[in-house]
Amino acid sequence: MTFSWAGAASALRRFVAQDAAEPSHSQRLDAGQRASLTWIAQRIQQGGVVLADEVGTGKTRIACAVVHAVLEAGGRAAVVVPH
């Protein structure tokens, strides 16, 4: 499998659509996080994005969804977490 950012963007869009289709009590993301992932999917092919916001807005969930999409598209990801 060859990696492409277009494939990662498609995987993100699928994840957002699947999550939004779940009953509200089963959704993994809130509406703002799904909107952020949709925005990222539109722009990730143009050289990447920077994810920054206030504490508690779900950046970790958004980052995990992007990593999952990259892996699903055949790419690799490294996650660095300070202790």
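Which residues in α2 meet which residues in α3? In this predicted model, the contact is formed by Gln-33, Ser-36, Leu-37 and Ile-40 in α2, which meet Arg-61, Ile-62, Ala-65 and Val-66 in α3. By class, five nonpolar, two polar and one charged residues make up the contact of α2 with α3.

The geometry of this helix pair was also computed. Helix α2 spans residues 31-43 and helix α3 spans residues 59-72. The two helices pack with their axes 10 Å apart and at an angle of about 40 degrees, which makes α2 oblique to α3. The crossing of α2 and α3 is right-handed.

Aromatic contacts were examined next. A search of the whole structure yields one aromatic pair. In this pair, the ring centres of Phe-3 and Trp-5 are 4.9 Å apart and the ring planes stand at 80 degrees, so the arrangement is edge-to-face; planes over 60 degrees apart count as such. Both partners retain some solvent accessibility: Phe-3 is partly exposed, with a relative accessible area of 28%, and Trp-5 is likewise partly exposed, with a relative accessible area of 40%.

A further residue considered is Ala-6, which lies in helix α1, comprising residues 5-21. Ala-6 has a relative accessible area of 34% and is therefore partly exposed, since this class falls between the limits of 20% and 50%. The C-alpha atom of Ala-6 is separated by 8.2 Å from that of Ile-44, although the two residues are 38 residues apart along the chain.

How values were computed. Residues are numbered from 1 along each chain as its sequence is written. This is a predicted model: local features need pLDDT of at least 70, side-chain atom pairs count only at pLDDT 80 or more; totals for chains, interfaces and linings use all residues. Side-chain values use heavy atoms; hydrogens and water are left out. Rings of Phe, Tyr and Trp (its six-membered ring) pair if their centres lie within 6.5 Å; planes under 30 degrees apart count as stacked, over 60 as edge-to-face and the rest as tilted. Buried means under 20% relative accessible area, exposed over 50%, partly exposed in between (1.4 Å probe, protein chains only). Axes are lines fitted to C-alpha atoms, for helices over the stretch in contact, and angles run from 0 to 180 degrees between N-to-C directions. Helices (H or I, at least four residues) and strands (E, at least two) are DSSP runs, numbered from the N terminus. Angles under 35 degrees count as roughly parallel, over 145 as roughly antiparallel, 65 to 115 as roughly perpendicular and the rest as oblique. A crossing is left-handed if the near helix is turned anticlockwise from the far one by less than a right angle, and right-handed if clockwise. Contact means heavy atoms within 4.5 Å. Ala, Val, Leu, Ile, Met, Phe, Trp, Tyr, Cys and Pro count as nonpolar, Asp, Glu, Lys and Arg as charged, and the others, Gly among them, as polar.
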